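Work through the exercises below with the sequence and the coordinates at hand, and try each task before reading its solution.

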Amino acid sequence: MERKLEGKTCIVTGAARGIGKAVAVKYAEHGANVVLMDLNKETVEATAKEIEALGVTVLPLVVNVTSSKEIDAALQEVESQFTKIDVLANCAGISTSRLILDIEEEEWDRVFNVNLKSVYLLSKGVAKNMIKNEVKNGKIVSISSQASKIGELGNGAYCTSKAGVNSLTQVLALELAEYGIAVNAVCPGFVDTEMLREVFQKRSAIEGKAPEEYEELLTSQVPMRRLAKPKEIADFMLFLSSENANYITGTSMTIAGGKTLI
Ligand SMILES: NC(=O)c1ccc[n+]([C@@H]2O[C@H](COP(=O)([O-])OP(=O)(O)OC[C@H]3O[C@@H](n4cnc5c(N)ncnc54)[C@H](O)[C@@H]3O)[C@@H](O)[C@H]2O)c1
């Protein structure tokens, strides 16, 4: 098997579980040393142990990606161990399920801080590292969502924060093009993770349905009639993070089992 990230250093946020973990595993299977950033020491270290078994170097870091102070300290640690950074995968995210008429300012801010501000802070810090070290074909890939492209009932803060990720992706792609750094976003549909199960619980309540009934309804709207597996999103993240995708930048591509959102 061709190893697409041999010897590269890749940072993955939200790496302790779900899509972020699948991305970190995929990168490690392709020979990358991976830096895992997440909130909880136990879970991020448990994930690191699993990935180390693949024979790569893994650095687990407890980082709240909404804090510039914590990010700066973490990036210093990464630089002292690996010097240069080749790939940043922004996977950390949170969902909320509240009507605009009901959502409080603190919750709105929390969603924007995790889903959008973190992408700004990390992309800025990592791009500076790439430029300083003259990294060839650096990559920044962020997980957005299909919700960035359509309004969803009771999902206003999430939809708009993810639309912000797509816009930030376009701006970063323009500003970093001269350094050969490619910046893209991936917009998944429904991916079978703990976050999605929590969303089914909360959104079914808003719509007055049982969670299973709500899941069936949403799945019936997917042309392929199933949820995505985290690994299927990780496969595309790998492609966008590899040398195969050097000329792809500024895109926000939907991966949603046949839903065609622009
Ligand atoms: N699951 C889906 O259906 C789906 C669909 C589209 C997009 N997404 C997006 O994919 C990404 C991953 O989602 P998931 O389903 O794997 O979710 P998840 O809840 O299973 O995993 C998210 C991870 O991010 C971490 N995290 C949250 N806030 C953080 C913070 N402040 N600092 C550091 N880490 C933090 C969590 O601890 C967790 O490990 C998110 O950005 C989400 O919005 C998910």
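The exercises that follow concern a predicted model, and each one is solved step by step.

**Exercise 1.** Classify Met37 as buried or exposed, and describe its surroundings.

*Solution.* Begin with the secondary structure, where Met37 is found in strand 2, which spans residues 33-38. Next, take the relative accessible area of Met37, which is 0%; because buried means under 20%, Met37 counts as buried. Then list the contacts, leaving out residues up to four places away in sequence: Met37 touches, among others, Ile11, Val12, Leu61, Val63, Ala74 and Leu122. Finally, compare positions along the chain and in space: Met37 and Ile100 are 63 residues apart in sequence, and their C-alpha atoms are 31 Å apart.

**Exercise 2.** Determine which polar atoms of the protein lie at the listed distances from the ligand's nitrogen and oxygen atoms.

*Solution.* Start from the 28 residues around the ligand, of which Arg17, Asp38, Tyr158, Val191 and Thr193 come nearest. For oxygen, a ligand atom is 2.5 Å from an N or O atom in the side chain of Tyr158. For nitrogen, a ligand atom is 3.0 Å from an N or O atom in the side chain of Asn64, and a polar backbone atom of Val63 is 3.4 Å from a ligand nitrogen. As a last step, consider coverage: on its own the ligand has 830 Å² of accessible area, and the protein covers 93% of this.

**Exercise 3.** Place Leu153 in the fold and decide whether it is buried or exposed.

*Solution.* First, locate Leu153 in the loop between strand 5 (139-143) and helix 5 (156-176). Second, Leu153 counts as exposed because its relative accessibility is 56%. Third, Leu153 forms a nonpolar surface patch with Leu99, Leu101 and Ile206, with about 410 Å² of accessible area together.

Conventions:
Residues numbered from 1 in each chain as written. Predicted model: local features only at pLDDT ≥ 70, side-chain atom pairs only at ≥ 80, totals over all residues. Heavy atoms only, no water. Patch = residues over 30% accessible without salt bridge, like charges linked within 9 Å, V, L, I, M, F, W, Y side chains within 5 Å. Areas by Shrake-Rupley, 256 points an atom, 1.4 Å probe, with all protein chains shown as cover. Salt bridge = Lys/Arg side-chain N within 4 Å of Asp/Glu carboxyl O. Helix = DSSP H or I, 4+ residues; strand = E, 2+ residues; numbered from the N terminus. Buried < 20%, exposed > 50% of the residue type's maximum accessible area, 1.4 Å probe, protein only. Near = heavy atom within 4 Å. Polar contact = N/O pair within 3.5 Å; in protein donor to acceptor, adjacent residues only side chain to side chain. Contact = heavy atoms within 4.5 Å.
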